[in-house]
Amino acid sequence: MRFHSAGLLLGISMLFAAPALYAADPPSRAAAIAAADAAAGLPAKPAEVSACQTPPAPGQKLAGDMKLGEEGHSITLANSGGGDALVKIRHAATGKLAASYFIRSSEELAIEGVPDGTYMIQYAFGPALAADCKSFTRIIKANQMPDADVLKTVVIDDEDHTEVKRSSVSYALSVSETANVKPVSIDAAAFNAE
């Protein structure tokens with residue numbers, strides 16, 4: 001009888017120990033971050049993405065059809081977002097890319113000689129430039145200024161003098177919702193469109 005009770009006790013202890021023997025390993029830190037990103041609605045981070053080998057020089061235009069002139073309007077963009085940013089200036093009527101620029105964290109970009117036009121300004125923050133050096137490996141946050149900027153040269157010509165007036169716009173790029181201008185959140189596809 002003792003033999004049976006010892007066998008029964010051994011069987012019960014094996015039954016209770018079985019779940020512990022087959023318990024899953026705790027999730028890795030990378031898996032936990034990926035799960036948190038998915039829960040927040042962020043796109044999945046690609047496993048392997050090549051990074052830009054030669055980052056663009058400050059003020060270098062990356063893409064777009066805008067031709068800057070000797071004279072024209074000015075757009076100043078200060079990156080106060082805490083990370084590197086890409087800025088896209090689009091023709092408001094068509095959405096076509098006029099110009100794009102890379103602005104490092106805490107730096108400012110002044111674009112001079114901007115031709116007359118109506119422009120939308122978009123910006124995004126990301127962890128690193130992709131291999132093409134014109135886009136991010138992934139976009140963390142993308143925004144668009146709420147209103148288009150109408151840049152139009154005005155000439156005042158009277159008997160006393162001739163005066164040419166041009167526009168100058170300035171923005172601080174930020175992820176904060178407490179800025180004076182409240183940007184509109186856009187998705188990565190809208191930002192990445194050419």
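A salt bridge is taken here as a side-chain nitrogen of Lys or Arg within 4 Å of a carboxyl oxygen of Asp or Glu. In this predicted model, arginine 166 and glutamate 71 satisfy that rule, their side chains meeting at 3.1 Å, N to O. Arginine 166 belongs to the loop between strand 9 (162-165) and strand 10 (168-173), while glutamate 71 belongs to the loop between helix 2 and strand 1, so the contact ties together parts that lie 95 residues apart in sequence. Arginine 166 is partly exposed, at 36% relative accessibility, whereas glutamate 71 is exposed, with a relative accessible area of 58%.

The structure holds two salt bridges. In addition to the pair just described, aspartate 65 and lysine 96 meet through their side chains at 3.6 Å, N to O. Here aspartate 65 sits in the loop between helix 2 (29-39) and strand 1 (73-79), and lysine 96 in the loop between strand 2 (85-91) and strand 3 (97-103), so this bridge joins parts 31 residues apart in sequence. Aspartate 65 is partly exposed, with a relative accessible area of 32%, and lysine 96 is partly exposed too, at 46%.

Aromatic rings offer a further set of contacts to look at. The count comes to one aromatic pair, formed by tyrosine 123 and phenylalanine 125 in an edge-to-face arrangement, with 5.8 Å from centre to centre and 80° between the planes. Both tyrosine 123 and phenylalanine 125 are buried. Another ring, that of phenylalanine 191, has the charged end of lysine 88 sitting over it, 4.8 Å from the ring centre.

How values were computed
Residues are numbered from 1 along each chain as its sequence is written. This is a predicted model: local features need pLDDT of at least 70, side-chain atom pairs count only at pLDDT 80 or more; totals for chains, interfaces and linings use all residues. Side-chain values use heavy atoms; hydrogens and water are left out. Helices (H or I, at least four residues) and strands (E, at least two) are DSSP runs, numbered from the N terminus. Buried means under 20% relative accessible area, exposed over 50%, partly exposed in between (1.4 Å probe, protein chains only). Rings of Phe, Tyr and Trp (its six-membered ring) pair if their centres lie within 6.5 Å; planes under 30 degrees apart count as stacked, over 60 as edge-to-face and the rest as tilted. A charge sits over a ring if NZ of Lys or CZ of Arg is within 6 Å of the ring centre and within 35 degrees of the ring normal.
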